Every structure is written in C-alpha cells, then in structure tokens.
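Open your viewer and get ready to click along. We will go from one selection to the next, with a short note on what you should find at each stop.

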Amino acid sequence: MRLTMDMENLVSLCRRRGFIFQSSEIYGGINGFWDYGPLGVELKKNIKDAWWQDMVRNPPPGPDGREISMVGVDCSIIMNPKVWEASGHVGGFSDPMVACKSEGCKKLFRADKVFAVDLSPAKPGDRGVMIGVEANSEAEAQMQAIDVAKKLKKKHSSDANSAVAMSLSSLVSSAAGIEAVPCPNCQQKSLTAPRAFNLMFESHAGAIQTDENKVYLRPETAQGIFANFKNVLDSTRLKLPFGIAQIGKAFRNEINPRNYTFRSREFEQMEIEFFCHPSESKQWYEFWRDLRKQWYTRLGIKSDRLRPREQGKEELAHYSVGTTDIEYLFPFSAEPQELEGVAHRGDYDLTQHAKHSGKDMHYFDEDGWNVWIQANKASLGGDKKKEAEAKEKFRCLPHVIEPSAGADRFTLAVLCEAYAEDEIGGEKRTVMRFHPRLAPIKAAILPLVNRDGMPEKAHALYRELKSEFNVFYDDKGAVGRRYRRQDEAGTPFGITIDGDTLKDNTVTLRDRDTTQQVRVPMASVAEEIRKRMRG
RNA sequence: GCGGGUGUAGCUCAAUGGUAGAGCACCUGCCUUCCAAGCAGGCUACGAGGGUUCGAUUCCCUUCACCCGCUCCA
C-alpha cells in the first residue's frame, strides 16, 4: 500500500513539474506511449549522454588492462524485412497463442506448450480421459497429465507409460481439430485456434499497401548493429575485441503496457554488441556484467534496490550461454524489474545473418597470422595448400556480449530513487535527489531581492554559466519559495546574489540535499559546480 | 487479450436532474535582505461520444485513459 502511494506521488510530481506527460493527453491519451516534458527530456538526455560518454568515448580499461575499442552507429528504424527473418522475430519466436473461451477461465497459453494427453483406461470398465496440460515437452506433459487426472478424481490409467501426449499443432492439423483439446487450466474444450501475436509494428514502405512492401518498426536496436558488422569492420581498422554501441527507439506491439513508463510500446534502448574471440568471451561477459552494475551505482542508484540476477537455465533464450539481468526494485512491484540484460549470445546473431544474407561474417586475425607466417614460412616451403589450412586457424566467427539497457526504464529508476520527502525547519519538503550529473538543471541563479543592483549581478552570472551548464534564472517571490521549487526539480545547487555580493563579489551556494550554504567568490562558481558534478 | 475498480481546476477534495465550490499551486501588482510570509486582484474543471429528459457533471449505453489482478514482455 505504502509503495503504491509513493508511486502515485512520484507520478503526480512528474506531471506537475514537467518530467513526464501522457502522450496525446488532450485526446484522452494513448495506452503505452509517453512524452517527456522540459525537465524530463533534460534528465533522459543526461542519462543517454552519460552512457555514451562512459561506454563509447571513455570506457575503462578492459580485463587485461588495455584500452577497449568502442564505436557507435545510428541505424534506421525500418530495415529490410529479411533482417527480422534472420533474427527470428518473424516466424521464429513470435509464438502463436491460444486462449480459453470459457467464462471464468479466459487464460492465454503459448500454443507450443499446450498438450493433450490421452489417458486410456487401465482396466475394463474405467473411462479413458483426455487431459490438457501446459508443459515444455511431451514427456513432461504425460507426467503432469497423471497428476491432473488424479486431482480431478477421474478414473484413469495408473500407468504413466500408457499415456499418449499430443502436441497442439498435430491435433489442429488432424481431423479432431482444436475442439478436441481441453484447456490446461479449466479442462473445458473451448480453446481458440492458435493465433500469431503481433510482435512488431507493421507499416508499408511506399504509398500503396501491398504484401511486397510490408516493413516493420524495429523491436530492438541490436539487429542494426549486427547488420552493419562488416561495414564497421571494413571502414574503421578495428581489431577484435571491439564493441559497437547504439542508442535508439524500438517498438513492441505484443506487450501489455503497465506500470507507468516501465512497459511502453515505444521505448529507447542503449545497446552494446561487444565482439570478441570465442576463447575470451567468458571474461568479457563477466567484465561487462560487473561494469554495467557499477555504472548504475555510480550514477546514484545507491540503495539495495539494485540487484543483478543471473538468469536460470530455463529462462535463457535458446542461443544464450548466460544472461544477467540488472534489476531494480520499483515502488510499484514486489519483485525487482529488469533495467538491463547483459547477455552472452555466442555466435548466434552473426551465424544467422551469414546464413540469411549469404555474406561471410568471419573475422580474420591479421596480426596473429603475420606473426605466425613469419615464424613458419620456411617450414611451409611454399606449399600453398598448407598455408591455406594454417590460415583457417586465424579465422573466427566472433562471439557477442550484449549489454542492453532501457533508457526509459533507467530514467524511471532514477526518478524513483531520487524522490524524497523530508522536513526543513518543521516544513514538509519534496526533493528530487538526482546525481548532479543527471540533474535536469544544474543550478538556479537567484537575486535575493529585486533591487540595489542584485538582479544585474545575478543576470551577468547567469549569462556566464549558461554557456556551460543548464542553469535557471528566477527572481520571482520569496527566496525560500524559489529554493523549494528547485528542490522539486532536483536542481543540486542554488546560487544566491545578496547584499554582500555587491561589496565583495561573493555569492552563497546552497546544497539541495542539506540546504547548507557556503560563500564562494563569483569567479569560481563555475569551477565549484564542475567539481561537485564529478563527485 | 480477460476480469474488477476509478475518471470534477495543475494538485487534493466538495456539492448537484436546473448558474459547479474550497484549500493549495500558478499568474499580475504592492511589499519583501536566505528556506513555500503578508495584502490586493486574476486564470483554470465535470475524460470523449451517443441516448433518456423541457433540461444530464449527475441516470443509461458505448468508447478512451489510468489503477489492481491474470496473461504476455525488455
């Protein structure tokens, strides 16, 4: 209950102060889409900039102490539809679903996980029974069917081995049809035919809609990176290992929007595909997993609400060797929710694109080859065949480590983490305790009163600072009120020009979290803000 | 996608089958020398569409959005 209240207060503040609005609100809104207002766009931009700076332009040294090679791309949202065949988004894992039509059930199942198990009578006089179950395999379905039958207290075969499990797809194509399959939940024979889920948003490239020009809005930014793997390699002189990063919008049609901006149909990803030699993939996986967790902590997620969680084997996508979800315990949920997944994807993606495009995606280790051939040239004796064989050893299909972060999800986590209520001199206060680096406004410039030359001094300082920082000038009303307004916007510093400023050119610098003030010379305000933003 | 709940001003909440009201916030002025002070004035609302009715914010239907649960999902 308490948690929900916190969330409501936060949502209210985000709207009131211009962090987040519902999309198309004047028309009643639209489910699953959100707009960032003036403060929100600054916050999110600071987050994306911090990510780009810390991951692409200035990543820390790698596990071996050497510099990491990182570059970026910015790919189109609409790509050749074959990309999505290769990735598996078309046809592959857009699993058909079946729903139960009976009143009071209405459950939804993945069609490939529904089985009908025929339990034949154990002895004459018993009735055979058909049981619907949800299971991962036919064997598992048989075992489950026995249990279900027992619970239903129906006469059934006691011999599990006599049970025959049939997949839903085999029944649908048979004469019996879907009508023969009992619902795994209520056992009524009232399932709908399997329906494909609309995983991706569809559109058409060109003025006329035909099946030939159907295109999709990308459901992830990753595939643009894989599709450009050869281009990047050929245009940059990069050598393995290296990473390609991208920030961009992605769209998913099948999800059910929920929990404010957390689950939206349009969202922004910050993704890295890090390519490395298969033999080094494990250490790079661990490196990125740890680095990414530290990044969140460094940007102010200091509470124990941040939790990395290694995915269990049964959760893993079929191609993934290992995946760690970095999760945050949002106020709206009892369970931590995923901010980022760091996945070891093996060579799955490059293999898929090599297969579907017909292009070779192998990497050739020229450095290693040059060293080897120098040392072994003599022993080869000019044998071209042997040389070609040796060369093969320096070719590999790189493995991929994918740290994939949600920009909107992290923005929401930052908002949740920052939200605080406290008391200043007996007065209640709402304050957003953003890390100074992420705060939408870095400092407020405030003349204490509007006379005696204070506005002029304040405005001059404002002009100076705004060339470097997003600062806000406010001369309206009592200074205490202005401080509180900035507290709600999460502005870390308040700079006030008072009577003393006129005499000695010093100003007061107020800390948002403690409300403590120190006097600093006007000339060193910029450096002071710079220093505190790093801290 | 299914079931339940909610919808009045920027926010919190009233009232009403017959001109919708308050507090806070916001804006303008005056006054103000450090944490939402005071005075005067001002702006702003019945989610949308349809029906019943002389008249609907109120009753009915549809729809949209949000919240909770299931399902799905990054």
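Start by selecting helix H14, residues 479-489: with seven residues, H14 gives the most to the surface near RNA strand B. Keep in mind as you look around that this is a predicted model. Now add strand S20 (427-432) and strand S24 (506-511), which also give two or more residues to that surface.

Next, show everything around RNA strand B. There are 48 residues there, and Asn256, Ser264, Glu338, Arg409 and Arg481 come nearest. On the RNA side, sugar and phosphate make up 54% of the atoms of RNA strand B that come within 4 Å of the protein. Try colouring the protein side by residue class: you should get 20 charged, 14 polar and 14 nonpolar residues.

Which atoms lie close to the bases? Zoom in on three spots:

- Ser264: a polar backbone atom is 2.2 Å from a base nitrogen of RNA strand B.
- Tyr483: a polar side-chain atom lies 2.6 Å from a base oxygen of the strand.
- Arg510: an N or O atom of the side chain is 2.7 Å from a base nitrogen.

Keep Tyr483 and Arg510 selected for the last stop, since both also line the largest cavity. Add Ala444, Leu446, Gln486, Thr491, Phe493 and Gly494 to complete the lining. The volume enclosed is about 30 Å³. H14 turns up again here, giving two or more residues to the lining, as do strand S21 (443-447) and strand S23 (493-497). By class, the lining has four nonpolar residues, three polar and one charged.

Key. Residues are numbered from 1 along each chain as its sequence is written. Chains are lettered from A and ligands numbered from 1 in the order in which they are written. This is a predicted model: local features need pLDDT of at least 70, side-chain atom pairs count only at pLDDT 80 or more; totals for chains, interfaces and linings use all residues. Side-chain values use heavy atoms; hydrogens and water are left out. A residue is near a molecule or strand if one of its heavy atoms lies within 4 Å of it. A polar contact is a pair of N or O atoms within 3.5 Å; within protein, one must be able to donate a hydrogen and the other to accept it, and residues adjacent in sequence count only if both atoms are side-chain atoms. Helices (H or I, at least four residues) and strands (E, at least two) are DSSP runs, numbered from the N terminus. Ala, Val, Leu, Ile, Met, Phe, Trp, Tyr, Cys and Pro count as nonpolar, Asp, Glu, Lys and Arg as charged, and the others, Gly among them, as polar. On a 1 Å grid over the protein atoms alone, a cavity is a set of points where a 1.4 Å probe fits but cannot get out, and a pocket is an open set with protein on both sides within 12 Å along at least five of seven lines; lining residues have an atom within 4 Å of a point. Grid points are joined across faces, edges and corners, and a volume is the space filled by probe spheres set on the points.
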